[in-house]
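Me: I am new to this structure and would like a close look at one part of it. Please take a single contact between charged side chains, and then work outward from there.

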Amino acid sequence: MTTSKNRSIVSLCFETDGDFEKNLDRLITLIDQSPEDAIIVAPEVALSGFAYDRFDEAAAFTVAALEKLRKCVPNRLLIFTAITKEGNNFYNVAYALHNDCILHRQAKAKLFALGAEHEHFTAGEEGAITPFVFEGITIGILICFELRFKTLWQRMEGCDIIAIPAQWGKLRADHFTTLTNALALMNQCYVIASDAANEDTSAMSGIITPFGGEIRNSGAELSTSHFEERTVLSMRRYLNVGIE
C-alpha cells in the first residue's frame, strides 16, 4: 500500500526533438509507463529544447501542454521545466504537477552564460528557490546550472528529495554525476536527476539515495526506484550532521 512517506521515484532520459508535439507525446507515454504513485522528474525544457529562435511559439505551447499534462498525471507528481512568458519576459520555469493542479513553480535563477541563456531568458529570483511539501515529503528543485552553486545547496537543506531537471553538456558529464552524488550525501536525501539524451548532453540521468547508492541511466528512457522516509531518517541518525 502506498503512503505519503513511501513512493516510487522515476528519472526520465529522452531526446528533445524540434517537434514540440512529439516531445509532449513522448513525455505523456513515459508518464503512463511510470508507477501510478511515482514522483517523476523530466529533463529541463523537455517540451521544446531551448528553441531560442522559436520562443513565442514555445511559450504558447507550454500553456497548452500544461493543460494536457495536468490531466494525465493523476496521483503522480511530475517535475519538469518549460519556457514560460510573463509580460514581455521569458523564463525557464520548473513546474510540479499533481492531480490537475500546479503545486509549485519556480523560475531558473542561475542562467548558463556559456549557453547564452542570459541573452534570452530573464533570471528568476534566487529567494524563490524554496522547498515545497508534497504529502509529507519535502522536495526541492535545482535547475541544471544551479547545481553548481553551494549557496543553493544550503537552501535545499532538510529536503527529503531534490529534483534536478537538466540539459547538461556531454563534455562535463563527470561533473553532473559527481555533483548529484555529492548533493545526496551532503544533504542526506534522495536526488532524482534527469538529463536529456541529446547528442550534446550527458544523458546521465540517475537516482541517488541518502547512503550514496546510485542508479544511472543505461540507455533506458525511464529509471525507477523507491523513496522511503525511513532511509532518510536512518542516514540522518547514523551520521548526525544537524539536518532535521
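Reply: Arg 26 and Glu 221 form a salt bridge, and their closest N and O atoms are 2.4 Å apart. Arg 26 belongs to helix α1 (residues 20-33), while Glu 221 sits in the loop between β11 (214-216) and β12 (222-228), so the pair ties together parts that are 195 residues apart in sequence. The model is predicted, and every value here is computed from it. Side chains of opposite charge can pair when their charged atoms come close. Neither partner falls in the buried class: Arg 26 has a relative accessibility of 29% and counts as partly exposed, and Glu 221, with a relative accessible area of 28%, is also partly exposed.

The structure holds 15 salt bridges, and a few others help to place this one. Asp 17 pairs with Lys 22, with 3.5 Å between the closest N and O atoms. Asp 17 counts as partly exposed at 26% relative accessibility, and Lys 22 is partly exposed as well, with a relative accessible area of 49%. Glu 228 forms a salt bridge with Arg 230, where the closest N and O atoms are 3.3 Å apart. In that pair the two ends differ in class: Glu 228 is partly exposed at 25% relative accessibility, whereas Arg 230 is exposed, with a relative accessible area of 60%. Salt bridges can also be joined together, and Glu 67, Arg 70, Lys 71 and Asp 100 are linked in such a network.

Next come the nonpolar side chains at the surface. Phe 211, Tyr 238 and Leu 239 make a nonpolar surface patch of about 350 Å². Leu 239 is located in the segment after α5 (229-238). Its relative accessible area is 42%, which makes Leu 239 partly exposed; patch residues need over 30%, so Leu 239 passes that cut-off.

The largest pocket has about 480 Å³ of space. It is lined by 24 residues, and those closest to its centre are Phe 50, Gln 167, Asn 198, Asp 200 and Thr 201. Sorted by class, the lining consists of seven nonpolar, nine polar and eight charged residues.

Two loops deserve a look for their backbone. Most residues other than glycine have a negative phi. Ala 51 has a positive phi of about 40° although it is not a glycine. Ala 51 lies in the loop between β2 (39-41) and α2 (55-72), and at 16% relative accessibility it counts as buried. Ala 116 is another residue other than glycine with a positive phi, near 60°, and its place is in the loop between β5 and β6.

Glu 119 is also in the loop between β5 (101-107) and β6 (132-134). Glu 119 is exposed, with a relative accessible area of 59%. Glu 119 and Tyr 52 are 67 residues apart in sequence, yet their C-alpha atoms are 9.5 Å apart in space.

To return to the starting point, the bridge between Arg 26 and Glu 221 links helix α1 with the loop between β11 and β12.

Definitions and conventions:
Residues are numbered from 1 along each chain as its sequence is written. This is a predicted model: local features need pLDDT of at least 70, side-chain atom pairs count only at pLDDT 80 or more; totals for chains, interfaces and linings use all residues. Side-chain values use heavy atoms; hydrogens and water are left out. Patches are made of residues with over 30% relative accessible area and no salt bridge: like charges are joined within 9 Å, nonpolar side chains (Val, Leu, Ile, Met, Phe, Trp, Tyr) within 5 Å. Accessible areas come from the Shrake-Rupley method with a 1.4 Å probe; for residues, only the protein chains shown count as cover. A salt bridge is a side-chain nitrogen of Lys or Arg within 4 Å of a carboxyl oxygen of Asp or Glu. Helices (H or I, at least four residues) and strands (E, at least two) are DSSP runs, numbered from the N terminus. Buried means under 20% relative accessible area, exposed over 50%, partly exposed in between (1.4 Å probe, protein chains only). On a 1 Å grid over the protein atoms alone, a cavity is a set of points where a 1.4 Å probe fits but cannot get out, and a pocket is an open set with protein on both sides within 12 Å along at least five of seven lines; lining residues have an atom within 4 Å of a point. Grid points are joined across faces, edges and corners, and a volume is the space filled by probe spheres set on the points. Ala, Val, Leu, Ile, Met, Phe, Trp, Tyr, Cys and Pro count as nonpolar, Asp, Glu, Lys and Arg as charged, and the others, Gly among them, as polar.
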